[in-house]
Amino acid sequence: MVQSLVRLSVMNLDICSIDELLLKRKSLRRELASAEGLQSVRIAVLGGSTTNEVVDLLEVLLLAAGFQPTFHQSEYGRFYEDAVLDPSGLIAFAPDIVYLHTSYLNVQTVPPVHCSETELQGYVDAELDRYKQIWQSIKQNLASQIIQNNFELPAVAILGNMDAVSSGGTSRFFLELNSAFARAAASNPRLLLQDVHGMSARVGLDHWFDWDRWFSYKILRTAEANLAMARSLASMVRAIYGKSRKVLVLDLDNTLWGGVIGDDGIDKIQIGRETPVAEAYTAFQEYCLSLQKRGILLAVCSKNDEETAKQGFEHPDSVLKLEHISCFKANWAPKHENILEIAKELNLGVESFVFVDDNPAERAIVEAQIGGIAVPDIGPEVSRFAAIIEAGRYFEPVSMSQEDLSRASLYQANAARVSYEAKFANYGEYLDSLLMSAEIAKFKPLYLERIAQLTNKTNQFNLTTRRYTLAEMEAISRDEQYIGLYGKLRDRFGDNGLISILLGRREHDVLHLDLWLMSCRVLKRDMELAMLDTIVDECRAACIHTVQGYYLPTKKNSMVADHYDKLGFKPVSVNAETKASVWTLEVAGYISRNRHIKILEPTHG
Amino acid sequence: MDNILEELQPIFRDILDQPDLVLTRESNASNVRDWDSLSHINLVTSIEKHYKVRFALKELQELKDVGDMIDLIEVKLAAK
């Protein structure tokens with residue numbers, strides 16, 4: 001009974017609100033501290049403001065993580081004295097970890113507004129030097145790990161936007177100081193930096209400082225802010241002791257893609273760029289891939305037929321490929337059994353696992369059956385999955401080793417960004433710099449939904465503005481008289497998805513262009529040239545000699561009034577009343593015009 | 001008023017971890033076990049969150065016992 005109570009409280013700690021935690025802290029501590037086998041950790045907290053609240057919260061979080069913490073707290077504001085001038089109390093306590101909990105108010109000299117660039121550097125160096133003395137003294141006197149927070153931006157920016165720019169701006173000073181701290185921490189393995197700057201931005205500065213509590217008790221931050229600090233600290237302590245998690249176990253249907261692949265089939269699962277839902281699943285896959293690239297192992301645990309499940313990763317828009325998955329379990333056995341199998345195969349303990357599944361019932365059983373696994377409640381919205389997993393801080397690293405990183409790919413991305421900053425001699429050079437590649441092919445079942453959708457929502461780059469239902473498009477795609485092309489465009493910034501449609505209807509040796517549209521997000525990329533090249537190729541193959549284009553003016557499509565003229569079509573007629581125009585192009589003698597987009601072989605699907 | 005006292009009771013019991021605590025208007029920091037300055041901060045923060053009110057610095061300074069606290073909460077709630 002006691003055991004189950006403890007489990008219950010541990011489960012709730014990841015997600016419970018600050019209100020609950022403040023109320024229940026003492027009883028939680030009592031319950032949690034009664035567990036056996038807790039690992040002792042001694043933490044000295046040297047504070048620039050009152051540290052009790054953050055320490056109280058940290059204590060509960062560490063107990064829940066399997067630690068038995070003992071704390072030593074300096075009097076508020078005496079962090080420098082206790083570390084440098086009289087470290088005897090600190091030495092006697094013999095901490096494993098010294099945490100320097102300071103804020104922007106603890107800086108000795110903030111530069112005056114009239115300070116010059118050179119003087120600013122002096123102020124930064126002076127403040128950095130004071131902290132270097134603290135870190136050096138701790139290093140000399142103790143064998144402990146040091147955790148130092150960097151600084152949030154000040155609560156007021158008296159120079160407004162200039163505060164972050166001017167050498168006399170207080171925000172600018174803290175930005176510089178934070179950079180200096182980052183460099184110091186990067187070159188000092190004993191020094192870990194807690195990113196309060198990032199944390200405070202996530203919470204929001206207006207919800208970060210609590211001036212009433214500052215004036216009353218010298219507690220600077222809100223309870224919410226202190227909980228954020230405590231959560232990040234707890235994850236750092238876990239990381240220091242090698243208890244960060246290493247494996248992300250993923251469900252498939254409605255977790256990595258929308259829909260059920262076994263029911264809907266590969267054509268209907270939601271992944272890619274074609275719908276908002278598909279985009280959101282793609283973004284979540286990208287998040288998982290980014291974890292994989294920094295050294296987190298990905299595993300799949302899904303109730304599915306193995307072959308069907310693996311098809312999902314062959315979807316042309318799947319960001320995750322089978323090669324990214326270290327262990328793949330798709331079968332009909334209970335998930336907890338599969339997860340234990342995964343642990344065995346990867347030779348890692350389940351306490352280093354995080355299990356992500358959209359189904360609350362599966363989560364509940366895994367959590368109940370496997371002690372130590374983290375099972376975040378990711379909720380029903382895929383757009384929130386990554387943020388919820390991030391909030392759990394499961395994968396906190398303390399250092400990045402060579403093996404952790406796929407360095408090559410990181411460097412590639414950086415190199416690309418740098419070269420993009422260069423200037424361009426002409427527009428063609430700019431287009432080349434985008435490294436565009438297109439897939440242009442005949443309609444496929446996989447894309448018909450997106451194709452029908454585009455015909456209904458594209459108004460500007462749309463020559464005829466004809467709307468089609470999905471059923472009509474399905475019929476057209478089976479009709480030999482039609483040549484329907486879709487175009488997908490990728491560039492250096494990512495995949496734009498399916499963005500252009502060209503639909504021709506054959507009558508003898510003439511192809512009538514019933515529809516030509518393109519999404520405005522890829523205007524002026526020469527995509528229309530690539531589409532024209534392809535349709536002409538198709539005409540040649542089908543012995544069609546003439547392409548006939550139509551422009552039907554609407555209130556919104558004037559941007560394509562001269563579309564056919566620019567492409568070299570000859571005018572045939574203009575309706576005096578509607579201004580609708582007809583144009584032709586002879587296939588014989590047409591020379592391909594696309595110069596800047598690489599045409600890819602279409603992927604199957 | 002009785003209502004507020006009843007609502008404060010579980011908050012005090014939780015924060016002070018004393019499930020049997022019986023709160024009265026006369027309860028104060030010297031006659032309730034463990035009501036020290038740190039618990040006081042927790043109590044004030046939790047009560048503010050519970051009623052979604054903020055106490056002014058001056059109001060906090062003038063609180064002597066639970067009775068004062070109840071009266072202050074009533075004023076705050078009436079003003080909402």
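What follows is a short chat about a predicted model with chains A and B.

Reader: Hi! What is the order of the strands in the open sheet of chain A?
Author: Hello! The order is E2-E1-E3-E4-E5, five strands in all, and the pairing is parallel.

Reader: Which strands stand at the edges?
Author: Those are E2 (67-73) and E5 of chain A. Each has a single partner strand, so one side of each has no neighbour in the sheet.

Reader: And how much are neighbouring strands turned against each other?
Author: By 25° on average, with direction ignored.

Reader: How many bridges join E4(A) to E5(A)?
Author: There are 4 bridges, and the two strands run parallel. As for residues, A:Gln148 is opposite A:Leu193 in E5(A).

Reader: Cool. What does H6(A) touch on the sheet?
Author: H6(A) touches E3, E4 and E5 of chain A, and its direction makes about 160° with that of E4(A). Helix H10 (residues 223-240) of chain A packs on the sheet too, at about 150° to the direction of E5(A).

Reader: Which residues of H6(A) are buried?
Author: Among them are A:Tyr123, A:Glu127, A:Tyr131 and A:Trp135. Residues three or four places apart point the same way, because an α-helix has 3.6 residues a turn.

Reader: What span should the 25 residues of H6 have?
Author: At 1.5 Å a residue they should span 36 Å, and the end C-alpha atoms are 36 Å apart, which agrees.

Reader: New topic! How many residues does each chain give to the contact?
Author: Chain A gives 14 residues and chain B gives 13 residues. On the side of chain A, the largest share, 7 residues, comes from H2(A).

Note on methods: Residues are numbered from 1 along each chain as its sequence is written. Chains are lettered from A and ligands numbered from 1 in the order in which they are written. This is a predicted model: local features need pLDDT of at least 70, side-chain atom pairs count only at pLDDT 80 or more; totals for chains, interfaces and linings use all residues. The expected span of a helix is 1.5 Å times one less than its number of residues. A residue is buried if 20 or more other C-beta atoms lie within 10 Å of its own, exposed if 12 or fewer, and partly exposed in between; C-beta atoms are placed from the backbone. Two residues are in contact if their C-beta atoms, placed from the backbone, lie within 7 Å. Two strands pair if DSSP finds at least two bridges between them. Axes are lines fitted to C-alpha atoms, for helices over the stretch in contact, and angles run from 0 to 180 degrees between N-to-C directions.
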